[in-house]
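Colleague: Could you walk me through how the parts of this protein pack together? I would like to hear the reasoning behind the labels as well.

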Amino acid sequence: MKDTLITNNVLQASVAENVSLIKSIQEQYFTQVEGLVMRSITAGRDLKTLTDELEQRYCIARRRAKFIANDQNNKATAQMARVRQQSLGCKKARWRHTGGGKHPRESHVAADGKIFDLNKGLYIDGKWIFPGELPNCGCIGEPIIPGVDDENDD
Ligand SMILES: [Zn+2]
């Protein structure tokens with residue numbers, strides 16, 4: 001893959017931002033945690049090792065560690081998908097609520113089928129957000145391929 005380096009930089013930037021939002025870990029450990037999260041993602045979503053490390057190194061309760069491991073992997077995966085879509089020339093995507101979660105957000109169910117800008121996200125519950133980036137959000141963005149899926153949505 002030609003874009004491995006770019007992808008890696010993008011991933012690193014996403015992970016750094018996501019890790020900085022973890023409230024149960026002290027800031028001084030963020031760089032370490034970024035490394036652990038990166039390894040978990042590049043190992044193909046190794047949630048168990050990451051959960052173990054978070055629990056043991058930072059004394060985080062198992063349930064919380066599990067949640068963080070899952071959340072960090074989901075966010076990075078969603079962000080990478082978006083960057084990939086943009087690198088393929090897509091500017092917009094269609095929000096898809098996948099119905100995977102046990103407690104879907106009503107606002108996300110309502111967003112199903114809406115078109116959003118891949119740079120901006122969709123305005124939901126008072127914020128511009130992207131699919132799959134909120135905790136336990138299983139929504140995805142279906143890329144709209146220019147010239148193939150064009151529609152008059154402007
Ligand atoms: Zn959602």
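Modeller: Gladly; what follows takes the helix pairs in turn and then the domains. Please keep in mind that this is a predicted model.

Colleague: Let's start with helices α1 and α2. Why are α1 and α2 called oblique to each other?

Modeller: Helix α1 (residues 4-19) and α2 pack at an angle of about 130°. An angle over 145 degrees would count as roughly antiparallel and one of 65 to 115 as roughly perpendicular, so a value in neither range is oblique. That is why α1 and α2 get this label. Their axes are 9 Å apart, and α1 passes α2 in a right-handed crossing.

Colleague: Which residues make that contact?

Modeller: From α1 come N8, L11, Q12, V15, A16 and V19, and from α2 come F30, V33, E34, V37, M38, I41 and T42. By class, the contact of α1 with α2 has nine nonpolar, three polar and one charged residues.

Colleague: Now α2 and α4. What makes α2 roughly perpendicular to α4?

Modeller: The axes of helix α2 (residues 30-42) and α4 cross at roughly 65°. The perpendicular class runs from 65 to 115 degrees, and therefore α2 counts as roughly perpendicular to α4. These axes come within 10 Å. The contact brings V37, S40 and I41 of α2 to Q72, N73 and A76 of α4. Its residues divide into three nonpolar, three polar and no charged.

Colleague: And which hand does the crossing of α2 and α4 have, left or right?

Modeller: That crossing is right-handed.

Colleague: What about α3 and α4: why is α3 called oblique to α4?

Modeller: Helix α3 (residues 47-58) and helix α4 (residues 62-87) pack at about 130°, with axes 8 Å apart. The antiparallel class needs an angle over 145 degrees and the perpendicular one ends at 115, so α3 is oblique to α4. Here too the crossing is right-handed. On the α3 side you will find L47, L50, T51, D52, L54 and E55, which meet R62, A65, K66, I68, A69, N70 and N73 in α4. The residues of this contact divide into six nonpolar, three polar and four charged.

Colleague: Let's step back to the domains. How do you know that domain 1 and domain 2 are in contact?

Modeller: Contact means heavy atoms within 4.5 Å, and eight residues of domain 1 are in contact with eight residues of domain 2. Domain 1 covers 4-84 and domain 2 covers 90-144. Their centres, taken over C-alpha atoms, are 21 Å apart.

Colleague: What area is buried between domain 1 and domain 2?

Modeller: About 640 Å², of which carbon and sulfur atoms give 51%.

Terms used:
Residues are numbered from 1 along each chain as its sequence is written. This is a predicted model: local features need pLDDT of at least 70, side-chain atom pairs count only at pLDDT 80 or more; totals for chains, interfaces and linings use all residues. Side-chain values use heavy atoms; hydrogens and water are left out. Axes are lines fitted to C-alpha atoms, for helices over the stretch in contact, and angles run from 0 to 180 degrees between N-to-C directions. Helices (H or I, at least four residues) and strands (E, at least two) are DSSP runs, numbered from the N terminus. Angles under 35 degrees count as roughly parallel, over 145 as roughly antiparallel, 65 to 115 as roughly perpendicular and the rest as oblique. A crossing is left-handed if the near helix is turned anticlockwise from the far one by less than a right angle, and right-handed if clockwise. Ala, Val, Leu, Ile, Met, Phe, Trp, Tyr, Cys and Pro count as nonpolar, Asp, Glu, Lys and Arg as charged, and the others, Gly among them, as polar. Domain bounds come from an automatic or database domain assignment. Buried area is the accessible area (1.4 Å probe) that two parts lose on being put together, summed over both.
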